[in-house]
Amino acid sequence: MASQGVTQKGVGGGGTTQVVKKPYPFWLGGVAASIAASITHPLDLTKVRLQTSGDKGMIKSIKKTVAANGVRGLFDGLTGTLLRQMTYSMMRFAVYDEAKKAVHMALAGSIAGGVAGVLGNPAELMMVRMQADKAKPPEQRYNYRNSVQGLYRMTREEGFRSWGRGVVPNGTRAVLMNMSQLASYDWFKEELIRNKLLADGPVCHFVASVGAGTVATTVCSPADVLKSRIMNAHGAGTTSTLQVIKTSLANEGPMFMFKGWVPAWTRLQPTTILIFVILEQLKSGVDKYRAAGGMAL
């Protein structure tokens, strides 16, 4: 993803003309991610419920949700998802674009993921809890009305320390996600263009996104499963990363780390495609706006 928009010309010393590149607005990534996540929310919700409950199979889980709560039930926790995208996703794109100017793409992705994963952890926690809630017995549900009220209740009932629950697997997943998704998208895109397989445009962005989504799903699956299980757990004694790993290995074997891979891929693939295609179109729109003389962006 090129991080620079339309160039602006200025006069430097000695009357020479300098070309100054103006960065794109830092919030574009958050907007693109919010639009994409709103469209694919039912798949993300199903992935979380498969990871945290005894549900078997993506289709069966979707049918169970619709039967219990109607079609609207597929959008449980949407406010938590939007809060997450406008914190975590906005930060990871903004930090990545700045970091890759100074370091390798994979390292830039790791830095962006680490920063966004830690700062965005409360929103991630709220999203997971709200999505998984109605798959649990009524007496174990959190019953948050929305993400803001949920954060207030969580703080009041569990203290500020609860905001850090699951931060280790979430931060690890964020590092892996950004390193694999953002860096691999840039790599696929550059290789397609460099080898003249595709011209820079929507088709190229689509193909690069498919590659990035597949890489990211596989790399992130173990951390994603651990993150969901820890964040959804009740009681401090059940939230140790090591304890979750030991219990899951004993009950399900090592393949538990890839539980929900198919819905995760099914969810992440269109999400990845939508994010990057939308983001590229938003950047194109900014370029056209600036070329027409617009100064607000």
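This briefing covers the packing of two helices and the surroundings of two residues. The model is predicted. Helix H5, spanning residues 121-132, packs against helix H6, spanning residues 147-158, and the two residues taken up afterwards are Glu-124, which lies in helix H5, and Leu-82, which lies in helix H3.

**Packing of H5 and H6**

- The axes of helices H5 and H6 are 10 Å apart and meet at an angle of about 100 degrees; because angles of 65 to 115 degrees count as roughly perpendicular, H5 and H6 are described as roughly perpendicular to each other.
- On the H5 side the contact is made by Pro-122, Leu-125, Met-126, Arg-129 and Met-130, while H6 contributes Ser-147, Gly-150, Leu-151, Met-154 and Glu-158.
- Sorted by character, the residues of this contact between H5 and H6 comprise six nonpolar, two polar and two charged.

**Glu-124 in helix H5**

- Glu-124 has a relative accessible area of 1% and is therefore buried, since the term applies to values under 20%.
- Apart from its neighbours within four places in sequence, Glu-124 is in contact with Arg-84, Asn-170, Arg-173, Lys-227 and Met-231.

**Leu-82 in helix H3**

- Leu-82 belongs to helix H3, which runs over residues 78-99, and with a relative accessible area of 32% Leu-82 is partly exposed.
- When neighbours within four places in sequence are set aside, Leu-82 is in contact with Ser-34 and Ser-38.
- The C-alpha atom of Leu-82 is separated by 9.0 Å from that of Ser-147, although their positions lie 65 residues apart along the chain as a sequence separation; Ser-147 is also one of the H6 residues that make the contact with H5.

Notes
Residues are numbered from 1 along each chain as its sequence is written. This is a predicted model: local features need pLDDT of at least 70, side-chain atom pairs count only at pLDDT 80 or more; totals for chains, interfaces and linings use all residues. Side-chain values use heavy atoms; hydrogens and water are left out. Axes are lines fitted to C-alpha atoms, for helices over the stretch in contact, and angles run from 0 to 180 degrees between N-to-C directions. Helices (H or I, at least four residues) and strands (E, at least two) are DSSP runs, numbered from the N terminus. Angles under 35 degrees count as roughly parallel, over 145 as roughly antiparallel, 65 to 115 as roughly perpendicular and the rest as oblique. Contact means heavy atoms within 4.5 Å. Ala, Val, Leu, Ile, Met, Phe, Trp, Tyr, Cys and Pro count as nonpolar, Asp, Glu, Lys and Arg as charged, and the others, Gly among them, as polar. Buried means under 20% relative accessible area, exposed over 50%, partly exposed in between (1.4 Å probe, protein chains only).
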